[in-house]
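This report describes the sheet and the charged side-chain pairs of one protein chain. The sequence and the model are shown first.

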Amino acid sequence: MTKMILVGLCLVLILCGCRSAGPFPAPTLSATHPLAMSELLGGSWALDNSTIRMRHTVLLELGWRKLPMVGLLELDRTARTIRLVAVNDLGIKLFDLTVTVDGYQTNYLFPELATYAGLGETVAASVRKIFLDPLPRDDDRLTVTADQYQTRRSLGDAELTFTFGGERPDLLGKELRGGAQGWVVRYYDYRDLPAGRLPGGVVLKDHTAGYRLTLWLEKANLIDG
């Protein structure tokens, strides 16, 4: 069903121009040192309480199709909600969603997309994984290698892993393996901005649904916090 939804989205967006998908530079790792879980998680943007607005260039890849759009996103990390508006290269609004940890609300959906049941749920699930949930917790199991920190949590027959690395260290990825789902999010190119230290590039690969979503951060503004 998810693939059918995304194929439908491809057909609607086919008039858009295509942006090349250059890879992000690999993160620079450094030697690890003993850290308490609270120290590891304390500086992470994902666990901050402020609200930020971000503008991303977005590329959805489904097989050979490369589909660009622009995502305007407000992330309220206190209320744990996301407001997402997506437009295509022509400035046409495609959808407007409010996403929570356990649900979403469709505020607007481009009429041609309304026939594809489940589209809003698919988009909401993607941005939720990247920005909102799941998040690392103090009670996760922490393991330390020579250049990375990893926290792990069992979710039934699946395992959720968060990877940190670099001088700070930064959140470099989250991944779910096992069970009926399989996906991975990688965060790249961290930047120190007025809105905080944020990843300049994000890649989500959903192995179960068979698509890849790439985000290039263009702008970020701190709203409060």
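R152 is partly exposed in this predicted model, with a relative accessible area of 24%. Its side chain meets that of E159 in a salt bridge, with 3.5 Å from N to O. E159 is likewise partly exposed, because its relative accessible area of 30% falls between the limits of 20% and 50%.

The pair formed by R152 and E159 belongs to a wider set, as a search of the whole structure finds 16 salt bridges. Two further pairs may be described in detail. D48 forms a salt bridge with R77, and the closest N and O atoms are 3.8 Å apart. This pair links distant parts of the chain: D48 sits in the loop between α2 (37-42) and β1, whereas R77 sits in the loop between β2 and β3, 29 residues apart. The two partners fall into separate accessibility classes. D48 counts as partly exposed at 34% relative accessibility, while R77 is buried at 8%, a value under the 20% limit.

The side chains of R53 and E74 also meet in a salt bridge, at 2.5 Å from N to O. Since R53 lies in strand β1 and E74 in strand β2, the pair ties together parts that are 21 residues apart in sequence. R53 is partly exposed, with a relative accessible area of 45%, and E74 counts as partly exposed at 27%. Beyond these pairs, R168, D170, D192 and R197 are linked in a network of salt bridges.

The three pairs are set out below.

| Salt bridge | N to O distance |
|---|---|
| D48 and R77 | 3.8 Å |
| R53 and E74 | 2.5 Å |
| E159 and R152 | 3.5 Å |

The sheet provides the setting for several of these residues. Its 12 strands form an open sheet with antiparallel pairing, in the order β5-β4-β3-β2-β1-β12-β11-β10-β9-β8-β7-β6. The edge strands are β5 (104-109) and β6 (141-144), each of which pairs on one side only. Neighbouring strands of the sheet are turned by 20° against each other on average, with direction ignored.

Helix α3 (residues 119-132) packs on the sheet. The strands that α3 touches include β1 (51-62), β2 (65-76), β3 (81-87), β4 (93-100) and β5. On the other side of β1 in the strand order, the helix touches β9 (170-178), β10 (183-193), β11 (196-206) and β12 (211-224). The direction of α3 makes about 55° with that of β4.

At one edge, β6 is joined by 4 bridges to strand β7 (residues 148-155), and the two run antiparallel. Within this pairing, T143 stands opposite Q150 in β7.

Strand β1 has a neighbour on either side in the strand order. It is joined to β12 by 11 bridges, in an antiparallel arrangement, and T51 stands opposite D224 in β12. Towards β2 there are 12 bridges, again antiparallel, and H56 stands opposite G71 in β2. The hairpin of β1 and β2 has 2 residues between the strands, and G63 there takes a positive phi near 65°. Of the 12 residues of β1, 10 are buried, so the strand is largely enclosed by the rest of the structure. R53, which lies in β1, is partly exposed.

How values were computed: Residues numbered from 1 in each chain as written. Predicted model: local features only at pLDDT ≥ 70, side-chain atom pairs only at ≥ 80, totals over all residues. Heavy atoms only, no water. Pairing = 2+ DSSP bridges. Axes fitted to C-alpha atoms, helices over the stretch in contact; angles between N-to-C directions. Contact = heavy atoms within 4.5 Å. Salt bridge = Lys/Arg side-chain N within 4 Å of Asp/Glu carboxyl O. Buried < 20%, exposed > 50% of the residue type's maximum accessible area, 1.4 Å probe, protein only.
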